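Visitor: I am new to this structure and would like a close look at one part of it, the sheets and what packs against them. Could you take me through that part slowly, beginning with the chain as a whole?

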Amino acid sequence: MAKNEKQTKNKKKMAVPLAKAERYDSIAERGLSQGQVDLRIEDGLTNYLDKKTGKSYLQIFLTNIFTFFNLIYFVIFIALAYYGLWNQVLFMIVLVLNTGIAIIQECKSKKTIEKLSIVSAPMATVIRDGKEQDISVDDVVLDDIMVLSLGKQICADSIVVSGQAEVNESMLTGESVPVAKRKGDVVYAGSYVTSGSCVVRVDKIGEHNYIQNLTLKAKKYQKPRSELLKALRSVLVFIAIIIVPITILSLKNNYSNAPLDVNPIAFAISKTAGSIIPMIPAGAFLLTSATLAVSVIRLAKRNTLVQELYCIEMLARVNVLCLDKTGTITDGTMTVEEIIEIKNDNTKTIKQIVGNMMRALDDNNMTSIALREKFGSAKGMAVTATVPFSSDRKFSAVSFEGEGTYFLGAPEFVLPNGNVKVDKLVQKYAEQGYRVLVLANSASQILKHDTDEPKLPAVRRPVALIVIEDRIRPDAPETIQWFKDNNVEVKVISGDNPITVSEIARKVGIEDSDKFISLEGMSDEQVAEAANKYTVFGRVTPDQKAILVKALRKVKKTVGMTGDGVNDILAMREADCSIAMAAGSEAARNVAHLVLVDNNFASMPRVVAEGRRVVNNVQSVTSLFFMKTIYTIVLTILALALNITYPYSTNSIILMETCIVGFGSVMLAFQPNTSLIHGKFLPKVLKKALPNSLVFIATTSIVYMIAMAFIPVEQAQLETIAALSYTVAVYYALVFNCKPFNVYRVIVLLLAGAMTIVGVFALGWFFGYVSLSYVEVLILVCVAQFAYPLMSLLTRLFNKIEIK
């Protein structure tokens, strides 16, 4: 057996119980040897967990085949086949084709997602044989030495062996306050590092991790709030409730009204099947799933990983987009532009001080990288204590032996009481769009305790200002303009100085960028109140980001949130649709609905446009299925009320369902459509379907009234006239659905019309149509001519109804 196959097999089943496993106590600098790792794999002591990442291929087959609708179809098929009504089971061919298409599309979508997911798969940094290496989190073994840095999501319960970090355990506890972790502390799988870095030894693996004892909901946020899914499910519930009593009553009614020269049971089954089959809008569900699956594939080709199918719809509905400045509007790369010395009483230079701080802190965020490039990572100053940077604290601090403590970070937080000279300089550079850090000194040392927060010196003197430029993405202005043109309000939420953020927002063309505010020190209520009043928010903590998103959603806004860091995660969870950059933190990628694999903010308009294409087209063509459902329900109830047989069998309307509704809806569902989405899905669909359904009911009623009151018509001819007039009216509905016309839609109409005409004249016998006399043809023509202006009138009237 190949080595990889053996590893996979051993991952799936733990051969040695965890409690009985031999433990390795290797030194942190060395880690496990390759031989020890091989033994762990052989014993199945890896971090592999059988993850539920969507449906398996077997589940795709089963869930598409064994549906509520398909069960009804199958029962009807058995009943018709039993009585030898083989010319009426053509719907099964359509059903098999539809189900096959759905399975193929979903399998293709799954395969595409799996390929793209490899690019953003979570990785762990381990030390083995004295060397750091990045491996899949599944390949981590018991007692591995792992290196955890800022933004890393912890993949296994571990014990800290060196270093210190702050960890967010909100996925486990619900509390978002960072927890300090030092040597000997336990860090749990599912949490993520918000500041600092540490080295840990893996203590639990796979199913033995603490998070596996909790509900999986603690690990993942709720799915997107899809209006499309909710609407379709409500229709499904309604149909499920009424279909059983209608079936029973229809069977009884058609049986009692069966002609004397036919088998009454076969006749009743035939007519009842003719009412039940078109009553089910199965095509709407199939088309929605297929359209979304195709969109997943299209977006994957554009380097966008869809992690939740219905988020495509939610992003298309977004009318407020919240952006994190760094890594979204800017490219995340920073450079030190200027150093302004204020007062340095130390014999060490600014370069030496900052360089020693960088070496002591060992942070890997973009600001630290820029500082390290400018000042290096110097030695020479003995470190006694460190406090790493965090999004809540907004500064870092290092105590040096004999040198006191140096602080580096946001001026308002490092110098809470302010400094006139510093404040003026910060204002000056912030107005130009620069970030400004202050380097300050205190003669006192950081006092640390094992459990409490470190006590920081209160008296601090400014030493220097460091001016940093955050480079704006070249395509950001064009992208922002696209959102502005498409009525999407853009807000910028950042931890930086609001003046700086406002200037960057102005440079890229964000509307009302001059409406900015600092959220420093604000209460939750004040933050929520500010959400709808301002465009730019500065000095925002992770919790405040989440409050802003919740406040926007509370006033019925559909909110999208982009982010790339751990400070964005809480807000991303609250958003209707969250988008992460692949180059961002692993934790942010894990909670996002969409991941931009190429880290290109300019991809966003294409993603939104794809979502609009899906929602607008599905909303448009679903009316073709719903108008048929409404008509069939009403017609069945009328037949029951008047105690007459239902006019159609399954074969008499299959031509219309296939060539007009089926073909037309599929062709229209995949056409380009980037129009703004207005109104609720179900009311919009019903508004479009109802006038058509009323026309169908009117035409069928007129045919029956003429036949009963004025011109006697045989039952077979009557049903043929009713079926053909219904077919013509449905074609008119397709015509109205294709407006405004373009070349593509005209071709669709011509093809649908041609196929229907060929079907009527070449295969009329198969569909149960009989020859008509001139008088009967005249009735059909008159009714057909009446249907178009009536549909036009009703459509105009319904279009005047405002649906919000």
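**The sheets and their surroundings**

Guide: The accessible surface of the chain comes to about 35400 Å², and 59% of that belongs to carbon and sulfur atoms. What you see is a predicted model, and its C-alpha atoms fill a box of roughly 115 × 65 × 40 Å along the principal axes. The chain has 804 residues, of which 56% count as buried, and its secondary structure is made up of 27 helices and 21 strands.

Let us begin with the sheet of 8 strands, which is open, has mixed pairing, and follows the order β8-β21-β20-β19-β9-β16-β18-β17. Its edge strands are β8 (304-306) and β17 (516-518), each of which pairs on one side only, and from one strand to the next the twist averages 20°. Within this sheet, strand β9 (residues 320-324) and strand β19 (residues 559-563) run parallel and are joined by 3 bridges; if you look for L321, you will find that its bridge partner in β19 is G560. The loop that lies between α19 (542-554) and β19 holds K556, a residue that has a positive phi of about 70° although it is not a glycine. K556 is exposed, with a relative accessible area of 74%.

Across β8, β9, β19, β20 (577-581) and β21 (594-596) lies helix α22, running at about 145° to β21. Helix α22 (residues 604-642) also gives the largest share, 14 residues, of the largest nonpolar core. That core has 121 residues, and those with the most contacts inside it are Y73, L315, Y648 and F696. Leaving aside neighbours within four places in sequence, F696 is in contact with M627, Y631, Y726, A729, V730, A733 and M791. A second, separate core has 32 residues, including V527, A575, A588 and V591.

In the loop between α22 and α23 is N643, which has a positive phi of about 60° although it is not a glycine, and which is partly exposed, with a relative accessible area of 45%. Helix α23 (residues 650-669) bends by about 40° at E657, and it is mostly covered, since 15 of its 20 residues are buried.

Now turn to the sheet of 6 strands, which is open and antiparallel, in the order β10-β15-β14-β13-β12-β11. Because β10 (330-341) and β11 (383-387) stand at the edges with a single partner strand each, one side of each is left without a neighbour in the sheet. Neighbouring strands here are turned by 20° against each other on average, with direction ignored. Strand β13 (residues 404-409) and strand β14 (residues 435-442) run antiparallel and are joined by 5 bridges, and T405 has S442 as its bridge partner in β14. Helix α12 (residues 350-361) packs on this sheet, touching β10, β11, β12 (395-400), β13, β14 and β15 (461-472), and the direction of the helix makes about 100° with that of β12.

One last detail lies in the loop between α25 (715-737) and α26 (743-763), where P740 has its place: the peptide bond from K739 to P740 is cis, with omega near -5°. For the chain overall, among contacts between residues at least 6 apart in sequence, 73% join residues at least 24 apart.

Notes: Residues are numbered from 1 along each chain as its sequence is written. This is a predicted model: local features need pLDDT of at least 70, side-chain atom pairs count only at pLDDT 80 or more; totals for chains, interfaces and linings use all residues. Side-chain values use heavy atoms; hydrogens and water are left out. Two strands pair if DSSP finds at least two bridges between them. Helices (H or I, at least four residues) and strands (E, at least two) are DSSP runs, numbered from the N terminus. Axes are lines fitted to C-alpha atoms, for helices over the stretch in contact, and angles run from 0 to 180 degrees between N-to-C directions. Contact means heavy atoms within 4.5 Å. A nonpolar core is a set of buried Ala, Val, Leu, Ile, Met, Phe, Trp, Tyr and Cys residues joined through side-chain atoms within 4.5 Å. Buried means under 20% relative accessible area, exposed over 50%, partly exposed in between (1.4 Å probe, protein chains only). The bend at a residue is the angle between axes fitted to the seven residues ending there and the seven starting there. Accessible areas come from the Shrake-Rupley method with a 1.4 Å probe; for residues, only the protein chains shown count as cover.
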